[in-house]
Amino acid sequence: MWINMGPQHPMTHGLWNLRVKIEGEIVKEIDPEMGFLHRGIEKISEDRHYNEVITLMDRTCYVAGIAWEHLYIQAAEQALHVTPPARALWIRVLCEEMQRIASHVMWYAAFVQDLGLMSPFLYGMRDRDLLLDHFQSFTGGRLTYEYMRVGGVRNDLPPGTTDRMRKTLDWLMDRFVEYDRLCMGSEIFRKRCDDLGVLKANDCIAYGVTGPMLRSAGVRRDLRKDRPYAIYDQVDFDMAIADSADVTGRYLVRMEEMRQSVRILRQVVDWLDKHPGPVMAPNLPRWLGAPYAPVGREGYLLKRNYPKGVGLSAIEEPHGEANAYVVNEGGEHPYRVKFRSPVYVNLSAAHKYLVGYHVADIPPIMGSVDVCVGEVDR
Amino acid sequence: MAASTEPKEGPNAAFLIVKPMATAARQFVKSLVRPSTIVYPFERLEDPSFREEVKVESGHPIGVGPIWDNYRGVHALNIATCISCNLCAFSCPDLCIEMVTVPGGDPKHPKKCPQIDYGKCSYCGFCSDACPEGCLSMTTRYELSTPNRSEMIYSPQKLHEVFERKLPMNPIRLERPENEDAIRLDAPLCIGCNACSRDCPTSCITMVDTPKPTAKPGEKLPRRIWKEPVINDSDCVRCGTCISVCPKECLFWGTHP
């Protein structure tokens with residue numbers, strides 16, 4: 001019997017449909033249907049100024065908006081031959097790691113609620129808000145930040161941010177202990193999640209699965225370590241690895257990643273305290289700045305004069321490896337923008353980790369994948 | 001660091017269930033003192049008395065305080081200082097800003113101020129970044145719900161009402177770069193039509209007479225008014241209005257003088 005889990009289903013965490021063929025209680029076949037949230041972001045980007053694409057990036061993944069801003073802006077800067085100042089790079093890493101914690105805490109809240117536990121959901125949502133408060137203090141937004149610009153970031157951190165950040169990080173470290181007590185300390189949680197949704201390392205590699213799912217299978221692969229971008233080669237942190245390849249393993253990897261993110265953030269705020277400086281690259285072309293005044297005949301000159309280029313960036317997004325490809329053929333708009341979404345790939349291997357388990361196991365398994373449909377469909 | 005899984009069967013299953021229960025109980029006691037949530041609409045983040053009441057220790061490290069002022073909410077428009085330069089509408093990625101006529105301008109040169117459709121607005125803040133006079137800025141106002149879709153369109157007067165409520169405004173403003181590009185004139189193309197000077201929102205363009213050259217035998221002088229625009233760079237806000245109205249494309253963006 002085929003049943004539809006979705007498009008409106010508490011398991012989906014978004015808008016997609018998981019068609020499941022069952023025999024009794026056992027899943028025999030699955031068919032994920034995606035595309036309900038397709039907004040054509042790649043195509044719209046071709047009609048936007050380089051900076052205006054940022055507004056779309058925040059809506060690509062609505063729990064990790066600033067990570068996607070970082071991804072796009074790296075590719076755009078490479079295509080436009082712009083080098084941002086060092087302080088901007090550190091602020092970007094600050095944003096990305098804060099976003100990683102926020103995204104993982106959000107995942108924790110949603111995943112644990114899939115298991116039927118209500119209190120951890122409330123704790124997770126409460127603690128995520130603290131990070132959103134920080135984001136609001138320097139970007140002005142809580143979900144759609146619109147913070148990064150080609151050549152740097154919009155504004156510097158307001159005074160006192162680093163001190164408040166240290167306070168929050170201490171507070172969060174205590175909460176992580178609490179999370180572990182609630183989940184790993186619970187026999188019910190362990191019985192539910194151990195040996196569930198197993199995706200072995202060779203399957204992960206064959207399907208291109210990345211992120212915490214891959215690391216939970218024991219594969220040492222983290223772009224921040226393997227191909228350090230921004231300033232990740234200057235901070236000290238460890239890769240989070242588990243070996244069980246199941247739902248518990250993914251939980252452990254994400255929990256460890258949050259602790260490592262706190263470790264990175266402590267180094268970043270120390271650096272930012274010691275190194276004041278500009279956050280925007282000097283001597284940017286006028287048409288790359290924020291007020292897009294009419295260009296007049298410069299529009300024609302732009303196409304001829306500005307050097308063309310291609311930008312390719314890859315970052316370790318909270319869900320996995322995301323890539324962006326930006327083609328600059330001259331002019332004010334990118335000629336082509338292309339994204340690789342990690343969750344799209346992770347979902348397409350779903351039959352490997354769903355078939356053979358019970359129907360009641362689908363919510364925890366899909367919860368452990370951390371689906372964000374905004375970036376799947378783009 | 002490798003986070004290895006612990007043994008699956010704990011030594012004392014009853015104890016393992018007690019652990020999460022004790023954690024939840026501790027949170028419950030904490031919440032009796034002061035809940036983590038804000039009891040909206042009886043408490044509001046922008047309310048100064050509420051800001052003082054909630055202390056850092058109660059689960060809000062920074063959630064309240066002057067930092068809240070950076071929030072990008074509904075715009076405030078000061079009609080009196082708006083110069084109708086059109087930059088906000090031009091920089092809007094959602095095309096939700098329309099310049100509409102407001103009373104106060106002279107009939108030949110009507111004053112136009114932004115009207116914002118909040119059904120489309122994405123609150124990106126590019127318009128307030130672009131505003132050269134600082135008359136359009138984003139406030140902490142966030143209550144927008146309405147049963148009527150047409151009420152989502154805020155006229156300049158309605159945006160001015162938001163301004164008059166003196167809400168905290170986003171204090172972080174973009175600084176314009178020092179060596180900003182300026183508008184330059186390609187003199188041989190100019191026909192002296194006065195369009196740029198007429199439409200300049202800051203009146204920084206003046207038309208000055210240019211000497212009419214004497215025609216050589218057999219040569220025909222171009223048919224034009226013998227005047228040329230002179231741009232006062234210190235007053236110019238770089239809105240590009242002159243460039244867009246110039247019929248001969250003789251004005252262009254050049255390097256800083």
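Which residue in β7(A) stands opposite Glu316(A)? In the antiparallel sheet described below, Glu316(A) faces Glu321(A) of β7(A).

The model is predicted, with local features requiring pLDDT of at least 70 and side-chain atom pairs counting only at pLDDT 80 or more, while totals for chains, interfaces and linings use all residues. Residues are numbered from 1 along each chain as its sequence is written, and chains are lettered from A and ligands numbered from 1 in the order in which they are written.

**View 1. The open sheet of chain A.** Three strands (DSSP runs of E, at least two residues, numbered from the N terminus) are arranged in the order β6-β7-β8 in chain A, with antiparallel pairing (at least two DSSP bridges between two strands). Because β6 (309–317) and β8 (336–340) of chain A are edge strands with a single partner strand each, one side of each has no neighbour in the sheet. From one strand to the next, the twist averages 10° (axes are lines fitted to C-alpha atoms, for helices over the stretch in contact, with angles from 0 to 180 degrees between N-to-C directions).

**View 2. The pairing of β6(A) with β7(A).** Nine bridges join β6(A) in the antiparallel sense to strand β7 of chain A, residues 320–328.

**View 3. Helix α3 of chain A and Ala67(A).** Helix α3 (residues 65–80; helices are DSSP runs of H or I, at least four residues) lies across β6 and β7 of chain A and runs at about 155° to β6(A). Ala67(A), which is found in this helix, counts as buried because it has 27 C-beta neighbours inside 10 Å (the threshold is 20 or more other C-beta atoms, placed from the backbone).

Methods
Two residues are in contact if their C-beta atoms, placed from the backbone, lie within 7 Å. A residue is buried if 20 or more other C-beta atoms lie within 10 Å of its own, exposed if 12 or fewer, and partly exposed in between; C-beta atoms are placed from the backbone.
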